[in-house]
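Biologist: I'm new to this one. Can you walk me through it?
Modeller: Sure, have a look here.

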Amino acid sequence: MSASTAGASVWLTSARASQREEGPAPTDYVDPASLRPKPEVRVMATFLEFPRPYWLGWPGTAYDLDARQAEFRAALEQSAQKLGIQAYLEPRPINNEGDVRQWIQKVKGEKPHAVLVILQHFGTWGWASLVGKEAGVPVIIFSPIGMAFTGHVAGPARMAGVHVISSLEWSAVENALRAVRAKRMFEETRVLWIRGNEHSETVVERLGTKVRAIPRDTFNQEFDRQPVTEEVRELAAQLRKNAHDIVEPNQEDALNAMRTYVTAKRLLAREEAHALSMDCLGMVEAKLVPTPPCAGWTFLQDQGITAGCEADLYGALSLMLTSYFLDRPGFMNDPVPETVHNTLIAAHCTSGTRIAGFDKPPAPYVLRNHSESAIGVAMQVLWPEGEPITLVRFTGPHELIVDTGKVVGNVPTPPAGGCRTSVEIAMDEVEDCRDVRGFHQVVTLGNHRAALRAFCDLYGIKMTRSPRFSTFEGGAA
Amino acid sequence: MRGRNLGTLQVASSLAWAICVFLAGVELTGQEVEFSSPGLPPSKMDAAGRLVEDWGSVELQVDGSTLAEASPKVFPTMLDDCIPAALAQVDRGPIRVTWFAYRAPIFPSGVDVLTVRLEAAGRDPVPAWVKLRLSAEAKMALTTARIGNRVVLSVPLETFAHVQTRDWGYVNETTAMPGWAKPEGPADPAYANIRAGMGGVPILYRFRVEPGSQAVVILGVCESHYDRAGIRPVLYEVEGARPEVVDPIARWGRHRPGALPFRARDVNGDGQIEVAARPLPAARDRNPILNVIWVFQGNKIPTLPRLISGEVSQTAWRYVDVGGQNDQSFYLGGPLEFPVMVPATGSRQLTFLVACPGSSAPVPESTAWTADSLRQAARDVWLAWRR
């Protein structure tokens with residue numbers, strides 16, 4: 001081995017060893033808010049208009065450029081403040097190709113995380129396309145009504161990394177800015193991948209999320225070190241007090257469940273990580289812990305910390321999407337077809353409760369044990385019947401399956417087997433429930449198809465869906 | 001050897017060429033250098049500068065009539081002050097050739113990034129051929145070398161920016177399928193052949209034109225696999241024209257040759273018109289197909305039935321039998337051979353991705369990784385790991 005790599009190996013080993021010794025003590029409080037990434041987000045913006053005064057040609061002479069631009073300027077400022085991002089809007093509109101090219105150079109130099117161009121004449125689409133092609137960063141094109149026909153939009157809307165909004169709805173622009181912020185959160189996230197016996201760190205393509213693999217035993221060893229602290233006691237009391245009903249778990253189960261939560265926070269802080277996904281079933285199967293982590297994971301999810309099951313990395317990334325982009329926890333699940341009702345049952349044990357949003361009241365839950373092992377605490381979260389939902393699943397870094405539906409019920413266990421939270425969903429535009437694509441999809445409350453389009457457009461992700469028409473037509477082969 | 005400045009940071013212009021050679025006191029010649037990324041098994045560069053992996057090795061060969069013969073020196077180095085790497089360097093008369101390799105920690109198993117830099121110090125440009133030789137039998141294509149299903153080496157599309165080009169041709173790797181289509185009725189013979197973007201890969205062509213100029217581009221399509229509509233719609237794009245989604249079965253029927261005219265313009269002024277057949281994400285079959293391309297200068301569109309029948313193909317400025325006999329790559333050279341003109345007192349840099357132990361290199365047509373983002377990933381991981 002060369003001098004250089006020998007040096008690196010020594011350095012690696014010592015780095016890991018010292019890291020293990022650091023981090024919060026089992027009695028330390030870790031603020032969950034400190035675990036959610038808070039990235040810097042910079043967006044450059046400009047108006048594109050034709051030389052004034054306007055005469056014929058859309059938006060027309062009657063269009064009050066100064067008034068509309070003042071409104072958009074104020075709206076952008078407000079959105080930026082709300083989202084915690086930095087938006088730099090050019091003080092004057094750009095009105096010729098030379099200045100567009102100059103602005104593109106400025107963008108290339110300053111490397112913002114995205115740009116926003118606000119069109120103020122239907123003749124500016126060529127310039128907008130130029131920005132889309134040359135800027136080298138994601139581009140949001142906002143074309144208020146009166147600036148485009150379908151022909152204008154068709155080309156740019158299909159460009160990779162470009163999201164076109166042809167509307168008067170500023171909320172769509174804010175949604176796109178939210179997508180930029182979410183992507184930055186993905187980039188700033190280190191997810192702990194707790195499985196096997198490896199120590200490594202890699203980066204997920206396109207999303208930029210860091211994956212730190214640590215041995216599975218790390219978690220149960222840290223759990224063993226975790227005493228019942230005041231925090232654990234309070235959270236266990238809260239868990240029981242807020243339950244709509246308690247079926248199996250006793251006080252000790254609740255304490256152990258909250259020890260998993262506190263252990264996870266501590267581990268995340270120690271590893272400078274923001275999310276985790278663990279081979280939980282393997283750990284339960286090996287009887288290494290007295291409780292699966294389900295209830296602890298629910299707590300983390302409710303606080304915006306992604307906690308995924310079964311070391312399914314893309315499942316965790318799908319959970320992260322609802323957390324970072326939609327500001328609500330998702331519910332990673334096993335998809336079960338209900339062929340009599342032609343519905344989908346989304347079943348698992350780790351649903352968040354703040355499914356309407358982190359700042360909204362939680363959904364009711366029943367304290368149950370983990371049904372597969374009949375130990376510990378898993379919550380049956382009761383999803384609101386009649387409400388729309390969205391199913392998302394990254395199949396990899398390049399594709400996101402997005403389906404929508406409506407909650408039609410919560411399936412009790414028993415009589416059903418499987419998992420404690422079992423949400424029955426009538427799918428939209430999927431003729432046969434057996435055709436629903438994906439596994440460990442993430443269900444989230446609300447119909448977010450249009451919002452997710454922005455994220456996929458800006459980051460070159462194919463947005464796909466389950467087949468509209470039955471692939472089972474005609475019966476058995 | 002000129003200018004090997006140990007202990008200093010070498011900063012070059014284009015791609016953050018920041019290499020800190022920190023070898024004071026270390027023997028420089030005849031050694032092999034291992035490198036890796038946190039937690040991943042190492043690769044090595046041997047004393048001859050070959051990159052040695054679990055599947056075989058990659059040898060760099062740089063040819064040119066004006067180049068002198070010399071052997072490289074191999075030594076360990078640190079990129080960006082934090083990424084362990086192996087570096088080889090040799091002066092070949094009018095150019096200096098430097099290549100280095102580091103591990104990019106891409107999920108799940110990483111990939112080795114091999115960068116070759118040619119620098120000319122003199123006042124004249126220097127023509128050179130960069131060739132990669134693999135020790136193992138691999139199936140070569142434009143952008144990949146595969147052993148079985150494993151991509152052992154891939155050529156990022158950005159690397160081709162430095163490679164000399166032809167006047168027209170395809171710019172990425174898709175599958176040529178001669179005789180795939182069965183055109184019925186009067187049809188140009190080129191309709192029988194296609195390229196298919198298997199696995200949802202777009203089919204991309206480029207045509208050199210006067211910067212900013214206009215042209216008429218007509219795409220010929222004939223679907224012979226499906227017999228019902230709604231399965232394989234394809235998005236056809238020509239630079240400067242409105243894109244069109246076409247379901248060939250719905251529009252013309254099975255085995256029926258069709259033609260799509262576009263008024264093209266070199267919108268970005270780079271002297272090239274781009275043509276693409278892309279998959280639609282929601283399509284049942286996401287493998288786009290394309291049979292023929294005609295390019296006519298000016299803006300007059302020929303009569304389509306005559307065009308389809310092949311009567312005017314020879315009058316076209318460019319006539320491409322896609323996937324057929326006159327099809328060609330946009331780039332000169334062959335698989336893993338890259339003709340490069342090194343500008344006077346300038347440089348050219350080519351990057352390659354090499355499968356490291358346990359990994360497969362990303363496929364250029366579908367990956368989002370770039371030379372910059374790979375380097376950034378390595379930097380991020382090493383800095384965090386160190387912390």
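Biologist: How many residues does each chain bring to the contact between chain B and chain A?
Modeller: Chain B brings 41 residues and chain A brings 40 residues. Keep in mind that this is a predicted model.

Biologist: And how much area do chain B and chain A bury between them?
Modeller: About 3400 Å². Carbon and sulfur atoms account for 62% of that.

Biologist: Which residues of chain B lose the most area to chain A?
Modeller: Phe107(B), Asn268(B) and Trp385(B). Together they make up 23% of what the chain B side buries.

Biologist: How many salt bridges are there between chain B and chain A?
Modeller: The count is 3. One pairs the side chains of Lys133(A) and Glu239(B), at 3.9 Å from N to O. As for polar contacts, 8 residue pairs turn up across the interface, with both residues at pLDDT 80 or more.

Biologist: Which elements of chain B supply at least two residues to the side that touches chain A?
Modeller: Those are β3 (33-35), β20 (234-238) and α3 (371-386) of chain B. The largest share, 7 residues, is from α3(B).

Biologist: How do the residues on that side of chain B divide by type?
Modeller: There are 24 nonpolar, 7 polar and 10 charged.

Biologist: Let's zoom in. Where does Pro243(B) lie?
Modeller: In the loop between β20 and β21 (244-246) of chain B.

Biologist: Why does Pro243(B) count as buried?
Modeller: Because its relative accessibility is 12%, and buried means under 20%.

Biologist: What is Pro243(B) in contact with, leaving aside neighbours within four places in sequence?
Modeller: In chain A, Pro243(B) is in contact with Ala154(A), Gly155(A) and Arg158(A). In chain B, the partners are Leu235(B), Tyr236(B) and Glu237(B).

Biologist: How far apart are Pro243(B) and Arg318(B)?
Modeller: They are 75 residues apart in sequence. In space the gap is 20 Å, C-alpha to C-alpha.

Biologist: New topic, strand β10 of chain A. Which way do its residues point?
Modeller: β10 covers residues 275-278 of chain A. Ala275(A) and Ser277(A) point one way, while Leu276(A) and Met278(A) point the other way. All are buried. In a regular strand, side chains alternate between the two faces of the sheet.

Biologist: In what sense do β6 and β10(A) pair?
Modeller: Parallel, over 4 bridges, with β6 being residues 190-194 of chain A. Ile194(A) stands opposite Met278(A) there. β10(A) also pairs in the parallel sense with β11 (residues 306-308) of chain A, over 3 bridges. In that pairing, Ser277(A) stands opposite Gly308(A).

Definitions and conventions
Residues numbered from 1 in each chain as written. Chains lettered and ligands numbered in written order. Predicted model: local features only at pLDDT ≥ 70, side-chain atom pairs only at ≥ 80, totals over all residues. Heavy atoms only, no water. Contact = heavy atoms within 4.5 Å. Buried area = accessible area lost by both parts, 1.4 Å probe. Salt bridge = Lys/Arg side-chain N within 4 Å of Asp/Glu carboxyl O. Polar contact = N/O pair within 3.5 Å; in protein donor to acceptor, adjacent residues only side chain to side chain. Nonpolar A, V, L, I, M, F, W, Y, C, P; charged D, E, K, R; others polar. Buried < 20%, exposed > 50% of the residue type's maximum accessible area, 1.4 Å probe, protein only. Pairing = 2+ DSSP bridges.
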